[in-house]
Amino acid sequence: MGKSEVRDFWDAASCGEALYLPSADRAGYEEQARVRYRLEPCIAELAAFEAARGRRVLEIGVGLGADHQRFASAGADLTGIDLTARAVEHTARRLRAFGLTSRLAVGDAENLTFADGSFDIVYSWGVVHHSPDTVRAIAEIRRVLRDGGEARIMIYHKWSLVGFMLWTRYALCCLRPWRSLTWIYARFLESPGTKAYSVRAARRLFADFSEVRIRTVLSHADLLESGAGQRHRGWLLSLAARLWPRRLLRRCFPGRGLYMLIQARK
Ligand SMILES: C[S@@+](CC[C@H](N)C(=O)[O-])C[C@H]1O[C@@H](n2cnc3c(N)ncnc32)[C@H](O)[C@@H]1O
């Protein structure tokens with residue numbers, strides 16, 4: 001599955017647009033941010049927005065721009081790209097509405113146009129697993145970081161409750177239990193070709209970095225705490241959300257989440 005399919009998917013609606021953005025103006029972006037950070041408190045933990053003051057930050061895959069706004073408010077020297085014009089337009093409109101600035105452009109994680117060593121921090125939440133050549137995107141992230149610079153990246157974790165639910169729905173219920181998680185994520189999670197990684201595979205992806213710290217966390221999707229996603233709705237999911245044993249899952253499977261948070265130094 002190619003990059004144009006990925007672009008078409010995210011150009012139809014940016015991430016969270018259909019579910020959480022009531023209007024493309026200041027009030028709408030505020031509301032989207034309120035829901036985002038309530039559902040995903042681990043974003044702020046990984047991004048460490050306030051610590052970015054005065055530092056050269058590149059965000060890859062800005063989407064609706066909520067995290068970009070936080071970096072801008074914190075006083076980062078900020079650059080942002082996204083594969084889609086739609087996301088760049090949302091983020092530019094959002095920053096204008098709040099009187100903030102950033103260098104924004106349509107761009108591709110696999111072919112960054114920045115010189116070697118341009119940034120202190122490269123941040124990317126839920127993006128490079130959508131790109132067909134994730135290995136190349138991570139090599140590009142390393143290239144544009146200065147020596148000692150830090151990558152803060154979220155990619156999807158393969159052995160997650162979301163994976164289990166998708167496998168139940170698209171393998172077990174289809175009487176095709178041999179369908180692999182890789183095959184299922186690529187077809188049914190988000191944009192075509194989406195990948196998810198084991199911790200070991202993620203360590204291989206970041207093998208050229210030093211001080212690689214990885215942890216997996218339960219997301220709102222694992223806990224069925226939200227509208228689940230752009231592609232998955234319906235009565236069965238609503239019923240499951242009512243019955244989902246969240247406390248038990250948090251206690252017994254804290255690491256079986258979809259989110260893999262990675263901090264790595266060049
Ligand atoms: C799941 S959304 C995440 C957006 C945002 N980071 C967030 O957390 O809401 C994935 C985003 O990655 C972008 N994307 C996918 N492949 C990309 C690539 N190769 N280069 C840059 N952006 C890409 C998509 O256009 C989309 O906006």
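This is a walk through the structure above, from its ligand to its aromatic rings and then to a few single residues. Keep in mind that the model is predicted.

Let us begin at the ligand. The shell around the ligand holds 18 residues, and the closest are Arg-36, Gly-61, Asp-82, Ala-109 and Ser-131. What kinds of residues make up this shell? Eight are nonpolar, seven are polar and three are charged.

Now look for nitrogen atoms of the ligand that have polar partners in the protein. Ser-131 offers a polar side-chain atom 2.7 Å from a ligand nitrogen. Asp-108 also uses its side chain, with a polar atom 2.9 Å from a nitrogen atom of the ligand. Leu-83 takes part through its backbone instead: a polar backbone atom there lies 3.2 Å from a ligand nitrogen. How much of the ligand does the protein cover? On its own the ligand has 590 Å² of accessible area, and the protein covers 98% of that.

Next come the aromatic rings. To picture how two rings meet, you need the distance between their centres and the angle between their planes. Counting rings whose centres lie within 6.5 Å as pairs, the model has 10 aromatic pairs. Take Phe-71 and Tyr-123 as an example: their ring centres are 5.1 Å apart and their planes meet at 65°, so this pair is edge-to-face. The two residues come from distant parts of the chain, with Phe-71 in helix α5 (residues 66-74) and Tyr-123 in strand β4 (residues 119-125), 52 residues apart. Are these two residues buried or exposed? Both Phe-71 and Tyr-123 are buried.

A second pair, Tyr-170 with Phe-188, has another geometry to look at. Here the planes stand at 0° and the centres are 3.7 Å apart, a stacked arrangement. This pair links distant parts of the chain too: Tyr-170 belongs to helix α8 (residues 161-172) and Phe-188 to helix α9 (residues 181-188), 18 residues apart. Tyr-170 has a relative accessibility of 13%, so it counts as buried. Phe-188 is buried as well, because its relative accessible area is 17%, and the cut-off for buried is under 20%.

Back at Phe-71, you can find a wider group: Tyr-37, Phe-49, Phe-71 and Tyr-123 form one aromatic cluster. Tyr-37 has a charged partner as well, since the charged end of Arg-70 sits over its ring, 4.6 Å from the centre.

Helix α5 also contains Gln-69, which counts as buried because its relative accessibility is 14%. Its C-alpha is 9.6 Å from that of Ala-92, a residue 23 positions away in sequence. A similar exercise works for Asp-77 in strand β2 (residues 77-82). Asp-77 and Ser-102 are 25 residues apart in sequence, and their C-alpha atoms are 7.6 Å apart in space. With a relative accessible area of 32%, Asp-77 is partly exposed.

Our last stop is His-129, in the loop between β4 and α7 (134-144). This histidine has a relative accessible area of 0%, so it is buried. Which residues does the side chain of His-129 contact? One is His-130, whose side chain is joined to that of His-129 by a polar contact of 3.3 Å. Another is Tyr-156, whose backbone nitrogen lies 2.9 Å from a polar atom of the His-129 side chain.

How values were computed
Residues numbered from 1 in each chain as written. Predicted model: local features only at pLDDT ≥ 70, side-chain atom pairs only at ≥ 80, totals over all residues. Heavy atoms only, no water. Near = heavy atom within 4 Å. Polar contact = N/O pair within 3.5 Å; in protein donor to acceptor, adjacent residues only side chain to side chain. Areas by Shrake-Rupley, 256 points an atom, 1.4 Å probe, with all protein chains shown as cover. Nonpolar A, V, L, I, M, F, W, Y, C, P; charged D, E, K, R; others polar. Phe/Tyr/Trp six-rings, centres within 6.5 Å; stacked < 30°, edge-to-face > 60°. Helix = DSSP H or I, 4+ residues; strand = E, 2+ residues; numbered from the N terminus. Buried < 20%, exposed > 50% of the residue type's maximum accessible area, 1.4 Å probe, protein only. Lys NZ or Arg CZ within 6 Å of the ring centre and 35° of its normal.
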